[in-house]
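Got your viewer ready? Load the model, switch to cartoon view, and let's walk through the sheets together.

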Amino acid sequence: MNKKFIAAAMAGTMALSLAACGGSSASTGESTAASASTDTAASSAAAASGSMSVAWWGNQTRNERTQQVLDAYGAANGITFDGQFAEWSDYWNKLATASAGHTLPDVVQMDYSYLQQYVSNGLLVDLTPYVEDGTLDVSNVSETVLNSGKVDGKLYAIPLGVNVPAVMYNKDLLDENGIEIHDNMTLDEFYDVCREVYEKTGYKTDVFYGNGADYCAYVLRGEGGHLYNGSEIGATEEQLEAFFDIYETGIAEGWACDPAIYAERTIGTPEQMPLVYGSSPSTMSWCSFTWSNALSALQNAAGDNFTIEMTTWPSKDPKTSDYLKPSMFFCITVDSTQPAEAAKLLNYWTNDVDANKTLLGERGIPVSSETANGIKDLLDTSSQKAVDFVNNVVTPNSTPIDAPSPEGSAEVIQQVNQLVEKVCYGELTAKEAAAQLLSAGNAALNK
């Protein structure tokens, strides 16, 4: 792992919008930067209390590894950590509530789709002063990587890793039935695989039900469109129909998972994905649409039952669709009474090799070249697979990611999920869903 790889991996990276949140605008970016440079007294007083709160979303593997690292840092520095973790949707709901009451944790895990909005609402600390005074060492992080955490020239977020879109699949099941998977499948090829798996095994296909906006944007890129084009939907009705057709065709032909199986599951939680959770082929899937850094968690959930491999998300034009992105960030909030101490934690997270020997790239390939080199020989099989997939499958066959999501994207995301649900339940055709998304999406983006 080296700077050249990381720079290439991060080139053009801006994450697709997954959701959006509001917050109080009690302070501005300028006042945030000023407070970061004059917080010494408050920081020292708070540090004396020996407590710091850190919030993240994730799976059980991430929770365990994160807490181990926090405990190690806390023991060495006399700090007790309040680790606050939740599933994806619950996490952002809780963070939005805390934002409104200015009770945000000291450090929060951040997705690019939220970054602009949290900065605009004056909720994040400008980290530039801590870089300048040496508290936060980014000397081994490429400028391209670092820029993904900047807004208007100020550094508000430290990238934690690099990942890519990935379809995880049950390799043993497919091998036993003579079904072959190749990377960069077109949608037509993917349909054929789904039909073959269903006919031979009874296992169905899970295509991002309840969390499909990322895949919608991916499919649109392959169709020559974009989910967003400034303050409007950047696709035609026909292009949008190609996305909804996946669900309509899958339900009609029987190979798509019945939406009823998701009723009592937390959507997006690796341990509850149909790939690894269910009682029979009718309630399970041979695959899961997710991200490369989820492989370890999914393999842990599968245990010794079967081996999980990964391939690219399908689209009409896979090279145009595929991309690399920053997996997530850490940010310091303006509600922290000890931002200087929090900056030390971010420095430890980024540069301490021993800490990353515990984390082992679960959030993506470490952004510090020195740290990445320090752990590469210790990565488990799943993590090594993920690194190989990023380096050798996606990197040479991808296109720069779309621009960050505009205001109003939260409503568009919600509409995508609602319309997918209606298509799966037979309440709308793919064509009708496409027309509704185009109309309602444009209205949401133009409010």
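What follows is a short tour of two sheets and the helices that pack on them. Keep in mind that this is a predicted model.

**Stop one: the five-stranded sheet**

Start by selecting β2, β1, β3, β12 and β6, in that order: together they make an open sheet with mixed pairing. At the edges you'll find β2 (80–86) and β6 (158–159), each with a pairing partner on one side only.

Now zoom in on residues 51–57, which form β1; this strand runs parallel to β2, and seven bridges link the two. For a landmark, pick V54 and look across to G83 in β2, which stands opposite.

Next, show residues 60–77. This is helix α4, lying across β1, β2 and β3 (107–110), at about 160° to β1. Then add residues 112–120, helix α6, which packs on the sheet by touching β3 and β12 (329–332). The direction of α6 makes about 130° with that of β3.

**Stop two: the three-stranded sheet**

Move on to β9, β8 and β10. This sheet is open too, ordered β9-β8-β10, and its pairing is antiparallel. Its edge strands are β9 (287–291) and β10 (308–311), which each pair on one side only. On average, neighbouring strands here are turned by 35° against each other, ignoring direction.

Which residue in β9 is the bridge partner of A166? Select T290 and you have it. Widen the view to residues 165–170 for the whole of β8, which is joined to the antiparallel β9 by five bridges.

Last pick: residues 295–302, helix α13. It packs on this sheet and touches β8, β9 and β10, with its direction at about 150° to that of β10.

Definitions and conventions: Residues are numbered from 1 along each chain as its sequence is written. This is a predicted model: local features need pLDDT of at least 70, side-chain atom pairs count only at pLDDT 80 or more; totals for chains, interfaces and linings use all residues. Side-chain values use heavy atoms; hydrogens and water are left out. Two strands pair if DSSP finds at least two bridges between them. Helices (H or I, at least four residues) and strands (E, at least two) are DSSP runs, numbered from the N terminus. Axes are lines fitted to C-alpha atoms, for helices over the stretch in contact, and angles run from 0 to 180 degrees between N-to-C directions. Contact means heavy atoms within 4.5 Å.
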